[in-house]
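Q: Please pick a single part of this model and take me through it closely. After that, I'd be glad to follow the description outwards into the rest of the chain.

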Amino acid sequence: MLLTREQLQDRLFALHSASLELVKDVSLETLLERIVSTACEQVDARYAALGVLDDTGKLIKFITIGMTDAQIKKMAHPPVGKGLIGELMDVKFPLRIPVISDHPHAVGFPAFHPKMASFLGVPIRAGDKQLGQIYLTEKIDAVEFTADDEMIIQMLASYAATAITNARLYEQMKERDVALTRRNVDMGLLNGIASTLTSSLELDEILNKTLGLVMNYMKVEAGDIFLLEEDKTTLRMVLHRGQAAEAFWTRNIFNVGDGYPGIVAKTRKPLVGRQLASDASFLRDAVVQAGFQQIACVPLLSGENLMGVMSIATRTNDPFDERNVQMLVAVGAWAGLAIENARLHSNARRLAVLEERDRIGMDLHDGIIQSIYGVGLALEGVQLTLNDDPVSAKDRIHHAIDGLNQAIRDIRAYILDLRPRQLGNEGLLAGIKRLIAEYRAHTFSEVIFTGPDADMKDLPHTQSLALFHICQEALANAAKHAKAKKVQIVVWTTSERALLEIKDDGKGFDLDKMQTSIGHGLANMQTRAHAVGGDIDISSVHGEGTTILVWVPRSIKH
């Protein structure tokens, strides 16, 4: 039965209104349900279904209307794409038949399936790609679906194709946004770890910051780090952060191969425990009693060398996913390398201290002690001439006094060099003035200081600290090596830099020779300047003195 013009217009208007509803919700699942519901209403069908295809053309979803949940549960399986459903999966045109069983490709219905006669199927296509199909059966109050019904559903299928495409794009955008968010979080962790590992060679600082960043990233309540002892068989816990510290410290030593830390140390592979209460390998009952459900352990490796094991624990049941574990493994490799570097640096500093002590001992023995010994011999000679030649004896006593004063100055120069100093919160200019006061007191040398009127409190602490230590090092060198009688110190600023110049009138040295065997003091100055983004220039002329010019940026570079 054909519709009148007015009836067709009413249906088209209803279809248009229904199509507008399709785009109100971009959730794909909700959209599919609206499409099949709209199709059922538009052509007065008793049953309706919508099949969704994946990118390979396989039926992955089948949404139905008209059948009860009880009817659906009784059937052995959902449609798999055979019979008329399969027939419609690879065509461009609708399929409309009065009686389903009369079609040559019909395969019948499974047990408990409602009886259906009339059928209308329309593919949902976007260009040359089929997204799915709309299936309608059992037209109410009519023996079959009409050509007008077919036209209406074709138009609905066109609307549906656009809506499904948009919904899928939206879902992809959401997935991409989630992936980007995760990637940003991952990059935040890696950047934080990289910053920590490159900004410090102090082992305690590396361990604390690394574990803190990892715990914050994983959103866990506790974490600890075990380091491998020198015997290569014992793991000792050196750090715990977070909750239930007393529970974790009850077992702070493991042998390689025992417990989670020992297993990870032996296998060099990550280990995740998700049911600690029933895991006989865990060996930390107090941690289980404290309510912790899961733990993830990763090795701290530097190449082939095992440095230790890092663990994080949580009271929740949310699983550690593979992505998180891989991130922990990457962090473990970075941290392992940093731990080894920190130990090497510590050993190098210890060796440098020993070498410096040996050198100071030699200097004291060959210089100051020999000078005092010479003064003693001179005074013994005075005893022999005191009565016979008092004038000569008096001159010798004056020479002895000068020698002793020089020995005192040399000893004070060593004290000035060895005494540790900190900048504190007093500011750069106040700190330099304190160094100058100490230098004058120990060496009796003249120091002329020129500085800016302002206190330079806006200079970042790292830059101030670098200039302070360079000034300290330069004054120590002027006293100990240069034997300077006069030192000039100038501090000034430009719009971008803070500059420090230290000039002495001491012995000086040959720069070319010094470059081949640069001392610890000069090397430390260069390291400090470069570490804060600055630079240093050292010039010296033998017999005329040394000038050190250093600059640092007035702001921290990011």
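A: **Around one buried helix**

The buried residues of helix α8 pack against six strands: β6 (222-228), β7 (234-242), β8 (253-255), β9 (271-273), β10 (294-302) and β11 (305-314). Buried means under 20% relative accessible area, exposed over 50% and partly exposed in between (1.4 Å probe, protein chains only); contact is heavy atoms within 4.5 Å. Helices (H or I, at least four residues) and strands (E, at least two) are DSSP runs, numbered from the N terminus. The model is predicted, with local features needing pLDDT of at least 70 and side-chain atom pairs pLDDT 80 or more, while totals for chains, interfaces and linings use all residues. Residues are numbered from 1 along each chain as its sequence is written, and side-chain values use heavy atoms, without hydrogens or water.

Helix α8 itself spans residues 259-267, and its buried residues are Gly-259, Tyr-260, Pro-261, Gly-262, Val-264 and Ala-265. Just after α8 comes Arg-268, with a positive phi near 60°. Most residues other than glycine have a negative phi.

Among the strands that α8 packs against, β10 is mostly covered, with nine of its nine residues buried. On one side, β9 pairs with β10 in the antiparallel sense over three bridges (two strands pair if DSSP finds at least two bridges between them), and Gly-273 has Ile-295 of β10 as its bridge partner. Strand β10 is also joined to β11, antiparallel again, by nine bridges; here Pro-299 is partnered by Val-309 in β11. The hairpin of β10 and β11 has two residues between the strands, and Gly-303 in this hairpin has a positive phi near 65°.

Another of the strands packed against α8 is β7, and the loop between β7 and α7 (245-249) holds Ala-244. Though not a glycine, Ala-244 has a positive phi of about 55°. With a relative accessible area of 15%, Ala-244 is buried. Asp-44, also not a glycine, has a positive phi of about 55°, but Asp-44 is partly exposed at 44%. Asp-44 sits in the loop between α2 (28-42) and β1.

That takes us to an open sheet of five strands, ordered β2-β1-β5-β4-β3 with antiparallel pairing. Its edges are β2 (59-65) and β3, each with a single partner strand, so one side of each has no neighbour in the sheet. Neighbouring strands here are turned by 15° against each other on average, direction ignored; axes are lines fitted to C-alpha atoms, for helices over the stretch in contact, and angles run from 0 to 180 degrees between N-to-C directions. Six bridges hold β1 (residues 45-53) and β2 together in the antiparallel sense, with Ala-49 opposite Thr-64 of β2. In the loop between β3 (95-97) and β4 (119-126) you will find His-103, which counts as buried at 14% relative accessibility. Not counting residues up to four places away in sequence, His-103 touches Leu-84, Glu-87, Leu-95 and Ile-97.

Further along the chain is another open sheet of five strands, in the order β12-β13-β14-β16-β15, and its pairing is mixed. Here β12 (446-450) and β15 (535-541) stand at the edges with a single partner strand each, so one side of each lacks a neighbour in the sheet. The average turn between neighbouring strands of this sheet is 10°, direction ignored. Strand β12 runs parallel to β13 (residues 486-493) and is joined to it by five bridges, with Phe-449 opposite Ile-489 in β13. Helix α13 (residues 461-482) lies across β13, β14 (497-504), β15 and β16 (545-553), at about 5° to β14.

The largest nonpolar core has 36 residues, of which Ile-432, Tyr-439, Leu-467, Val-487, Ile-489, Leu-500 and Ile-536 touch the most other members. Such a core is a set of buried Ala, Val, Leu, Ile, Met, Phe, Trp, Tyr and Cys residues joined through side-chain atoms within 4.5 Å. At least two residues each come from α12 (428-443), α13, β13, β14, α15 (520-531), β15 and β16, and α13 gives the most, with 10 residues. Apart from this core lies another, of 27 residues, including Cys-40, Leu-120, Val-122 and Ala-160.
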